[in-house]
Amino acid sequence: MSREPEPFQLMCGAAESPALLHVPHSSRALPEHVRDGISLGDEALETELDHITDSHTAELAARASESCAVSPWRFVNGLSRLVVDPERFPDDREEMLAVGMGAVYTHTTHQERLRPPGTRPEPLLDRYFHPYARAMTAAVDERLAATGRAFVIDVHSYPTTALPYELHGTGPRPPVCLGTDPFHTPPWLLARAEAAFAGFGGTGRDSPFPGTYVPLKHYGTDRRVGALMIEIRRDLYMTEPGGPAGPGLGALAAALAALVDGLGVRAAG
């Protein structure tokens, strides 16, 4: 029996850094018992992983971290979002339940059945979702204790052409979409991101994917936690839908590093 992949990993940064790069959707790894519960054949599953995975975003975050003057911390999901999606609400608050893509997906990006009807989400939530959420909460708490601030920068990508599952797929698809939260995204953070990514053809806000990730413990109550989602259109840096990275990856990593490097200065001020 093959060894199950690590579900997530926290990579240490500088003690004085308030920044936490969060990479939730970069992996294609599926534990055997999870694969057994998926209805798709092997070829169809690989196609779905091509579409649903934010390919090369873990490498993007790693490259950015290496070039930062003050290295940020990184929290990286080691499993595919087809196991659980750690950025969904685990209950009826989640709007993506309407297309079968809540915390445990029942349908694919093209709205085909992913899991058999009647599949219970609780075992996957208990084994993977809740431990992930606790670990992310602890990572944010550690940055707060060490620096007095925490900035969760979500690193994502999205396809050039909208997929059937997208609830907001008819809106603009800018080169870089910046997902915001009215409580946790201060105007200066948004402005800094717009400046950092200005060289890629423009940025947009909350389209096609709105919002950002904040642990529920802090959500809507703790202004010391700042948050921003970076959604990079995939044609900027890779061959779609699931092909290799291109030269754009390095330039995007440099832009992400420029964004992150200013956070410690702002927090100190």
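**Close-up views of a predicted model**

**View 1. Asp206 sits in the loop between β6 and β7.** The model shown is predicted. Phi of Asp206 is near 60 degrees, which is positive although the residue is not a glycine. Most residues other than glycine have a negative phi, and most peptide bonds are trans. Asp206 counts as partly exposed because its relative accessible area is 23%, and partly exposed covers values between 20% and 50%. The loop between β6 (203-205) and β7 also holds Pro208. Ser207 and Pro208 are joined by a cis peptide bond, with omega at about 10 degrees.

**View 2. Pro241 is placed in the loop between β7 and α6 (248-268).** The peptide bond that joins Glu240 to Pro241 is cis. Its omega is about 5 degrees.

**View 3. Gln111 is found in the loop between β3 and α4.** This residue is not a glycine, yet its phi is positive, at about 65 degrees. Gln111 has a relative accessibility of 32%, so it counts as partly exposed.

**View 4. Helix α4 runs over residues 122-147.** With 26 residues at 1.5 Å a residue, α4 should span 38 Å. The C-alpha atoms at its ends are 36 Å apart, and this agrees with the expected span. At Phe129 the helix bends by about 30 degrees. A proline, Pro131, follows Phe129 within four residues. Just after α4 comes Gly148, with a positive phi of about 85 degrees.

**View 5. The buried residues of α4 are covered by several other elements, including β1 (8-11) and β2 (19-23).** Leu124, Leu125, Tyr128 and Phe129 are among the buried residues of the helix. Further along α4, the buried residues include Tyr132, Ala135, Met136, Thr137, Ala139 and Val140. Arg143 and Leu144 are buried as well. Phe129 is thus both a buried residue of α4 and the place where the helix bends. The cover also includes α1 (32-36), β3 (73-77), β4 (150-158) and β7 (225-233).

**View 6. Cys12 and Cys177 differ in exposure: Cys12 counts as exposed, whereas Cys177 counts as buried.** A disulfide is a covalent bond between the sulfur atoms of two cysteines. Searching the whole structure gives 0 disulfides. Cys12 is in no disulfide, and the nearest cysteine sulfur, that of Cys68, lies 15 Å away. The relative accessibility of Cys12 is 63%, and so this residue is classed as exposed, the limit being over 50%. Cys177 is classed as buried because its relative accessibility is 0%, the limit being under 20%.

**View 7. The whole protein, shown for context, has 6 helices and 7 strands.** Along the sequence, these elements follow the pattern β-β-α-α-α-β-α-β-β-α-β-β-α. For 269 residues, a compact globule would have a radius of gyration near 18 Å, and the protein agrees with this at 18 Å. Taken along the principal axes, the C-alpha atoms fill a box of roughly 55 × 35 × 35 Å. Of the 269 residues, 51% count as buried. The accessible surface comes to about 11400 Å², and carbon and sulfur atoms account for 54% of it. Among contacts between residues at least 6 apart in sequence, 79% join residues at least 24 apart.

Note on methods:
Residues are numbered from 1 along each chain as its sequence is written. This is a predicted model: local features need pLDDT of at least 70, side-chain atom pairs count only at pLDDT 80 or more; totals for chains, interfaces and linings use all residues. Side-chain values use heavy atoms; hydrogens and water are left out. Helices (H or I, at least four residues) and strands (E, at least two) are DSSP runs, numbered from the N terminus. The expected span of a helix is 1.5 Å times one less than its number of residues. The bend at a residue is the angle between axes fitted to the seven residues ending there and the seven starting there. Buried means under 20% relative accessible area, exposed over 50%, partly exposed in between (1.4 Å probe, protein chains only). Contact means heavy atoms within 4.5 Å. A disulfide is a pair of cysteine sulfur atoms within 2.5 Å. The radius of gyration is taken over C-alpha atoms; the globule rule is 2.2 Å times the number of residues to the power 0.38. Accessible areas come from the Shrake-Rupley method with a 1.4 Å probe; for residues, only the protein chains shown count as cover.
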